[in-house]
Amino acid sequence: MEKLLTPTSLLVSETDQKGIIKYANEDFCFFAEYKVSELEGKHHNIVRHPDMPSIAFKDLWDTVKRGEIWRGFVKNTTKNGNFYWVYATVFPYINSNGEKGYLSVRKMATKEETQKYDKLYKEMNLNKEVSYA
């Protein structure tokens, strides 16, 4: 079952450079259906939906590791087997201790956007040569 974000939903998480969750806000926990204690210390792929093509995440990681901001549409899975779509922006940073990390901020994606990317991701999973756009 799809969980729909509202226009005011703002899902925020912070990970280390390996993708281990260091922080998750209330909205993220609510939509992912986890308590913050269940998310912190876990790899961010805990919410990765199997419909998401691996090339999309390769693009995300390649982009942020270059120190650039990544933006894109992501379908996530919840603890209870539901799913939700987001428009994500991932920011790389270096803290005052010199440690690299990533801040991800997600907001609602429109129905038109989710339909477009659902179709694209299905095509990408069938045909590995379709490029991510």
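1. The first hairpin. Strands S1 and S2 form a hairpin with 4 residues between the strands, and Gly19 there takes a positive phi near 90°. The two strands pair in the antiparallel sense over 3 bridges. Within S2, Tyr23 is the bridge partner of Glu14. Keep in mind throughout that this is a predicted model.

2. The sheet as a whole. The hairpin belongs to an open sheet of 5 strands, with antiparallel pairing and the order S2-S1-S5-S4-S3. Strand S2 (21-24) and strand S3 (70-77) are the edge strands, and each pairs on one side only. On average, neighbouring strands are turned by 30° against each other, direction ignored.

3. Helix H3 on the sheet. Helix H3 (residues 54-65) packs on the sheet and touches S3, S4 and strand S5 (100-107). The direction of H3 makes about 135° with that of S3.

4. From S1 to S5. S1 and S5 are joined by 6 bridges and pair in the antiparallel sense. Glu14 has Leu103 as its bridge partner in S5. Glu14 also has a partner in S2, namely Tyr23. So follow Glu14 if you want to trace the sheet across S2, S1 and S5 by eye.

5. Val12. Is Val12 buried or exposed? Val12 is buried, because its relative accessible area is 16%, and the cut-off for buried is under 20%. This residue is found in strand S1. Beyond four places in sequence, Val12 touches Tyr23, Ala24, Asn25, Phe28, Leu103, Ser104, Val105 and Arg106. One of these, Phe28, is 16 residues away from Val12 in sequence, yet the two C-alpha atoms are 6.1 Å apart in space.

6. Strands S4 and S5. These two pair in the antiparallel sense over 8 bridges. Pro92 stands opposite Tyr102 in S5. The strands form a hairpin with 5 residues between them, where Gly98 has a positive phi near 85°.

7. Strands S3 and S4. S3 runs antiparallel to strand S4 (residues 83-94), and 8 bridges join them. This pair is also a hairpin, with 5 residues between the strands. Gly81 in the turn has a positive phi of about 90°.

8. Lys75. Look at this residue closely. Lys75 lies in strand S3, one of the edge strands. Its bridge partner in S4 is Trp85. Is the lysine buried or exposed? Lys75 is buried, because its relative accessible area of 7% falls under 20%. The side chains of Lys75 and Asp51 are joined by a polar contact of 2.6 Å. Leaving out residues up to four places away in sequence, Lys75 touches His49, Asp51, Met52, Phe83, Tyr84, Trp85 and Asp118.

9. Asn125. This residue is in helix H4 (residues 111-126). Asn125 is partly exposed, with a relative accessible area of 30%. Which residues does Asn125 contact, aside from neighbours within four places in sequence? They are Pro50, Asp51, Met52 and Pro53. The C-alpha atoms of Asn125 and Met52 are separated by 8.0 Å, although the two residues are 73 residues apart along the chain. Asp51 and Met52 are touched by Lys75 and also by Asn125.

10. Glu33. Here is a backbone point to check. Glu33 is not a glycine, but it has a positive phi of about 65°. The residue sits in the loop between helix H1 (26-32) and helix H2 (36-39). Glu33 counts as buried, because its relative accessibility of 17% is under 20%.

11. The largest pocket. How much space lies in the largest pocket? About 330 Å³. The pocket is lined by 20 residues, and the closest to its centre are His44, Asn45, Phe57, Leu60 and Trp61. Strand S1 (11-16), H3, S3, S4 and S5 each give two or more residues to the lining. S5 gives the most, with 4 residues. H3 also packs on the sheet, where it touches S3, S4 and S5.

Definitions and conventions:
Residues numbered from 1 in each chain as written. Predicted model: local features only at pLDDT ≥ 70, side-chain atom pairs only at ≥ 80, totals over all residues. Heavy atoms only, no water. Pairing = 2+ DSSP bridges. Axes fitted to C-alpha atoms, helices over the stretch in contact; angles between N-to-C directions. Contact = heavy atoms within 4.5 Å. Buried < 20%, exposed > 50% of the residue type's maximum accessible area, 1.4 Å probe, protein only. Polar contact = N/O pair within 3.5 Å; in protein donor to acceptor, adjacent residues only side chain to side chain. 1 Å grid on protein atoms, 1.4 Å probe; cavity = no way out; pocket = protein on both sides within 12 Å on 5 of 7 lines; lining within 4 Å. Points joined across faces, edges and corners; volume = space filled by probe spheres on them.
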